[in-house]
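Got your viewer open? Let's take a walk through this protein, one selection at a time.

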Amino acid sequence: MMLRAVIRRASTRGGGSSASSGFGKSLQSSRVASSAQSFHSLSATKTLVPRGTHAGSFHHRSCPECSRTVFSSFQGTTLQRWVRPYSSDSGDVVEAVVPHMGESITDGTLATFLKKPGDRVEADEAIAQIETDKVTIDIASPASGVIQEFLVKEGDTVEPGNKVAIISTSADAVSHVAPSEKVAEKPAAKPSPPAEAPKVESTKVAEKPKAPSPPPPTKQSAKEPQLPPKDRERRVPMTRLRKRVATRLKDSQNTFALLTTFNEVDMTNLMKLRSQYKDAFFEKHGVKLGLMSGFIKAAVSALQHQPVVNAVIDGDDIIYRDYVDISIAVGTSKGLVVPVIRGADQMNFADIEKTINSLAKKANEGTISIDEMAGGSFTVSNGGVYGSLISTPIINPPQSAILGMHSIVQRPMVVGGIVVPRPMMYVALTYDHRLIDGREAVYFLRRIKDVVEDPQRLLLDI
């Protein structure tokens, strides 16, 4: 039909009788070529208009005796075949790529896929998770559509900008993906021939009477130790977070001259203060009053009295920090993370409790950011929540000391010449002995003990 329209328009413009009659003879001789099925066939019908050629070539092939003025107005006009636009041609395919993971993170491990090929996703919906040395990052879908395929596998190392998945935003993708899944499921549903199962059982039954021969195992067990069978062991690759924690802790042991000093704290007054004002504190600030905020305030006071504990060695220099950013160790199912309470010396009890609750919630949910864990000049680790009685914590580089809290236990103590039960807690300070001497470490723990046992010292600054 397109060819006839071109001929009709060309004949009306040219107006030449000889051109029209000559062209009609050519049309009659090659009428078969005007059909839709053989329009692009070169061998069968000598294509009049090959795909992608110009009208000038059509003029020279099919009508050499016609006037050249018939198609002079069509010189340079390209005749193209109409093709139904599919997803690969119309640009309705988007690619999900690895996002920027932070300044200090160059790559990560694709931990798991949250979706499968053929699943429909919405814009900004997480389709996979990347595990880095510090945090877990989600890969979000750039648009709504259907996942066609994943370009990487679980466990692969990826970098920012790498393509992870192809997502089709057209409705045709659903019809393309769904049948492939159905076809894949049908052969998988075919059960194995049941005739083999009885044979295995029959052989096992037949072998049972031949079993009573204990002498060989007894001889081997007397000479060689019997090790557990390998099928009872599981080898699981370490996560990137666990490898990073292991590397940093081992570097801490290899770099610092670690030394730990201990003391014990009577928790009577701090626990009495908490029980007396916890209801009023919650009504005003909307957060519960815990013991952690009391130790954070005590640590701030001790760092201000002993600034060297807040310092760090950098090469041949000592860097003294005039700010107090306290890190808190939070144990999660994926590993240990250490978010930072920034400007702890400028906070009150309510601000500290709100910050601790927010950071702990993000850490357990895996939504904590890298900025919230960067920095920190001192660390407080509360192993008492797990029932630890006493321990020697390890310094978190590039810090120089860490305070370890432990469980509260009722112990007999001598008070005023009388033995009475008291809620006691052991506290430990691990410090870098290259920078901090024993005197400063002991004074630091003494300040922690004085403030916790008598919180009124914070009000009077004594």
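In which helix does Ala441 lie? Select Ala441 and you land in helix α13, residues 438-453. Helices here are DSSP runs of H or I with at least four residues, strands are runs of E with at least two, and both are numbered from the N terminus.

Before we move on, a word on what you're looking at. This is a predicted model, where local features need pLDDT of at least 70 and side-chain atom pairs count only at pLDDT 80 or more, while totals for chains, interfaces and linings use all residues. Residues are numbered from 1 along each chain as its sequence is written, and side-chain values use heavy atoms, with hydrogens and water left out.

**Stop 1: around Ala441**

Stay on Ala441. Is Ala441 buried or exposed? Ala441 is buried, with a relative accessible area of 0%. Buried means under 20% relative accessible area, exposed means over 50%, and partly exposed is in between (1.4 Å probe, protein chains only). Now show the neighbours: leaving out residues up to four places away in sequence, Ala441 touches Thr261, Leu429, Tyr431 and Ile436. A contact like that means heavy atoms within 4.5 Å. Next, pick Ala401 as well: Ala441 and Ala401 are 40 residues apart in sequence, and their C-alpha atoms are 9.1 Å apart in space.

**Stop 2: three arginines and their partners**

Side chains of opposite charge can pair when their charged atoms come close. A salt bridge is counted when a side-chain nitrogen of Lys or Arg is within 4 Å of a carboxyl oxygen of Asp or Glu. How many salt bridges does a search of the whole structure find? The search finds eleven, and here are some to click on.

- Select Arg439 and Glu440: they form a salt bridge, with the closest N and O atoms 3.1 Å apart. Arg439 is exposed at 55% relative accessible area, whereas Glu440 is buried at 13%.
- Select Arg434 and Asp432: their side chains meet in a salt bridge at 2.8 Å, N to O. Arg434 is partly exposed at 43%, and Asp432 is buried at 1%.
- Select Arg342 and Asp325: this salt bridge has its closest N and O atoms 3.9 Å apart. The pair links distant parts of the chain, 17 residues apart: Arg342 is in the loop between β15 (340-341) and α12 (349-365), and Asp325 is in the loop between β11 and β12. Arg342 is partly exposed at 39%, while Asp325 is buried at 11%.

**Stop 3: an arginine without a salt bridge**

Keep Asp325 on screen and add Arg321, which sits in the loop between β11 (317-319) and β12 (326-328). What is the nearest side chain of opposite charge to Arg321, and how far away is it? It's Asp325, 7.6 Å away, and Arg321 is buried yet has no salt bridge. For charges, Lys and Arg count as positive and Asp and Glu as negative, with His and the chain ends not counted.

What does the side chain of Arg321 reach, then? It reaches the backbone oxygen of Pro398 at 3.5 Å. Hop over to Pro398, in the loop between β16 and β17. A cis peptide bond joins Pro397 and Pro398, with omega at about 5°.

**Stop 4: a patch on the surface**

The loop between β16 (378-382) and β17 (401-405) is also where you find Ile390. Select Phe262, Leu389 and Ile390 together: they form a nonpolar patch on the surface, with about 260 Å² of accessible area together. Patch residues have over 30% relative accessible area and no salt bridge; like charges are joined within 9 Å, and nonpolar side chains (Val, Leu, Ile, Met, Phe, Trp, Tyr) within 5 Å. Areas come from the Shrake-Rupley method with a 1.4 Å probe, and for residues only the protein chains shown count as cover. Ile390 itself is partly exposed at 44%.

**Stop 5: Val287 and Asp124**

Select Val287, in the loop between α10 (268-285) and α11 (292-305). At 7% relative accessibility, Val287 counts as buried. Among its contacts beyond four places in sequence are Phe281, Ala350 and Asn357. Val287 and Asn357 are 70 residues apart along the chain, with C-alpha atoms separated by 8.6 Å.

For a change, select Asp124, in the loop between β3 (120-121) and β4 (126-131). Asp124 is exposed at 64%, and has a positive phi of about 65° although it is not a glycine.

**Last stop: zoom out**

Show the whole protein: there are 14 helices and 19 strands, and buried residues make up 36% of the 462 residues.

Terms used: Polar contact = N/O pair within 3.5 Å; in protein donor to acceptor, adjacent residues only side chain to side chain.
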